[in-house]
Amino acid sequence: MKKIVAQALLLSALWPVVASAALPTYDFKVVRSYPHDTQAFTEGLLYRDGFLYESTGLSGKSSIRKVNLETGKVLQSKDIPPQYFGEGLTAWGDTLVGLTWQTQTGFVFDLKTFELKNQFAYPGEGWGLSQNGKELVMSDGTATLRFLDPKTFLEVRRVKVTADGIAVDQLNELEVVDGEIFANIWHTNTIARIDQNTGKITGWIDFSKLYPEAGKGPNGENVMNGIAYDAEKKRLFVTGKLWPKIYEVKIIPRK
């Protein structure tokens with residue numbers, strides 16, 4: 001996915017921000033783990049009506065899927081045309097909305113049948129996608145989050161994501177959790193907690209101890225990427241590209 005950047009350089013660039021005493025760092029506790037398809041190059045993840053929905057990337061191998069959480073079984077899938085590299089995914093009403101990486105094309109699928117209902121265009125790259133009940137929230141690899149009208153897919157506003165005034169880019173998979181945006185920082189084991197009105201990062205969640213093999217696979221691309229939230233039961237799920245498990249986690253303050 002995307003141009004491979006040196007993880008060490010990215011981490012060194014982020015370190016002054018992550019280490020800031022003004023921003024709290026949170027740890028996690030694993031509540032439970034579930035099977036995950038190790039062939040799934042996870043780009044988007046969401047929880048809806050008792051099931052996980054997942055989008056996968058790689059040119060010629062991209063798809064959207066409905067997954068049984070308990071067993072990891074893929075119950076339904078649809079391949080994305082091979083010229084597209086699948087990216088973020090979210091649910092809106094009775095549809096699934098998905099992005100593609102560099103082809104400036106988004107797709108709208110029927111939630112039940114996965115039938116293609118519509119497609120739309122946007123400038124630049126598509127990375128992560130979520131929604132806040134009023135708008136779609138999109139990342140593009142920069143320090144900017146775009147907010148789109150879910151009917152027209154036109155941009156209605158944007159915020160610059162910062163930590164103590166420093167812009168933070170490489171924002172990848174997104175999930176709105178109780179009004180706050182959680183964002184994977186690509187090629188790291190860190191999730192940023194973002195105020196969706198100001199773009200200010202309010203804290204970091206450190207997942208460095210979650211999966212020891214993260215970033216050690218082919219090309220180092222089996223990195224953490226995938227956040228889903230069950231708002232009714234207050235359950236948070238995280239995973240990564242090609243990971244063998246999806247983890248239900250509880251976020252706890254660092255002591």
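A cavity is a set of grid points where a 1.4 Å probe fits but cannot get out, and its lining residues have an atom within 4 Å of a point. In this predicted model, a search of the whole structure finds two cavities of 30 Å³ or more. The second largest cavity has a volume of about 30 Å³. Its lining consists of Pro35, His36, Asp37, Glu54, Arg65, Val67, Gly72 and Val74. Sorted by class, three residues of this lining are nonpolar, two are polar and three are charged.

Several of these positions recur in the pairing of strand 4 and strand 5. Strand 4 (residues 63–67) and strand 5 (residues 74–79) run antiparallel and are paired over five bridges. Within this pair, arginine 65 has serine 77 of strand 5 as its bridge partner. Arginine 65 also belongs to the lining of the second largest cavity. The two strands form a hairpin with six residues between them. Glycine 72, in the turn of this hairpin, has a positive phi of about 80°, and Gly72 is another of the residues that line the second largest cavity.

The largest cavity holds about 40 Å³ of space. Its lining is made up of Ser55, Ile64, Ile80, Gly86, Glu87, Gly88, Leu89, Gly98, Leu99, Phe107 and Phe109. Strand 6, strand 7 and strand 8 (105–110) are the elements that give two or more residues to this lining. Strand 6 contributes the largest share, four residues. The lining of the largest cavity comprises six nonpolar, four polar and one charged residues.

The strands that contribute to the largest cavity are also part of a sheet. This open sheet has four strands in the order 6-7-8-9, with antiparallel pairing. Strand 6 and strand 9 (116–121) are its edge strands, and each pairs on one side only. From one strand to the next, the twist averages 20°. Strand 6 and strand 7 (residues 95–100) are paired in the antiparallel sense over five bridges. Alanine 91 has leucine 96 in strand 7 as its bridge partner. In general, the side chains of a regular strand alternate between the two faces of the sheet.

A second set of four strands forms an open sheet in the order 10-11-12-13, again with antiparallel pairing. Strand 10 and strand 13 (155–160) stand at the edges with a single partner strand each, so one side of each has no neighbour in the sheet. Neighbouring strands of this sheet are turned against each other by 25° on average, direction ignored. Strand 12 (residues 144–148) and strand 13 run antiparallel and are joined by five bridges. The bridge partner of phenylalanine 147 in strand 13 is arginine 157.

The largest pocket encloses about 350 Å³ of space. Of the 17 residues in its lining, Tyr47, Gln131, Glu175, Val176 and Tyr229 are the closest to the pocket centre. At least two lining residues come from each of strand 2 (42–48), strand 6 (86–92), strand 10 (129–131), strand 16 (171–177) and strand 20 (224–230). Strand 2 gives the most to the lining, with four residues. By class, the lining of the largest pocket has nine nonpolar, four polar and four charged residues. Strand 6 therefore appears in the lining of the pocket, as a strand run defined by DSSP, and strand 6 is also an edge strand of the sheet 6-7-8-9.

Aromatic contacts were examined over the whole structure, and the search finds twelve aromatic pairs. One of them joins tryptophan 127 and tryptophan 186 in an edge-to-face arrangement, with 5.5 Å centre to centre and 85° between the planes. This pair links distant parts of the chain, 59 residues apart. Tryptophan 127 lies in the loop between strand 9 and strand 10, and tryptophan 186 lies in the loop between strand 17 (180–185) and strand 18 (190–195). Tryptophan 127 has a relative accessible area of 4% and is therefore buried, the cut-off being under 20%. With a relative accessible area of 1%, tryptophan 186 is likewise buried. Elsewhere, Tyr34, Tyr47 and Phe237 form one aromatic cluster. Tyr47 of this cluster is also one of the residues closest to the centre of the largest pocket.

Note on methods
Residues are numbered from 1 along each chain as its sequence is written. This is a predicted model: local features need pLDDT of at least 70, side-chain atom pairs count only at pLDDT 80 or more; totals for chains, interfaces and linings use all residues. Side-chain values use heavy atoms; hydrogens and water are left out. On a 1 Å grid over the protein atoms alone, a cavity is a set of points where a 1.4 Å probe fits but cannot get out, and a pocket is an open set with protein on both sides within 12 Å along at least five of seven lines; lining residues have an atom within 4 Å of a point. Grid points are joined across faces, edges and corners, and a volume is the space filled by probe spheres set on the points. Ala, Val, Leu, Ile, Met, Phe, Trp, Tyr, Cys and Pro count as nonpolar, Asp, Glu, Lys and Arg as charged, and the others, Gly among them, as polar. Two strands pair if DSSP finds at least two bridges between them. Axes are lines fitted to C-alpha atoms, for helices over the stretch in contact, and angles run from 0 to 180 degrees between N-to-C directions. Rings of Phe, Tyr and Trp (its six-membered ring) pair if their centres lie within 6.5 Å; planes under 30 degrees apart count as stacked, over 60 as edge-to-face and the rest as tilted. Buried means under 20% relative accessible area, exposed over 50%, partly exposed in between (1.4 Å probe, protein chains only).
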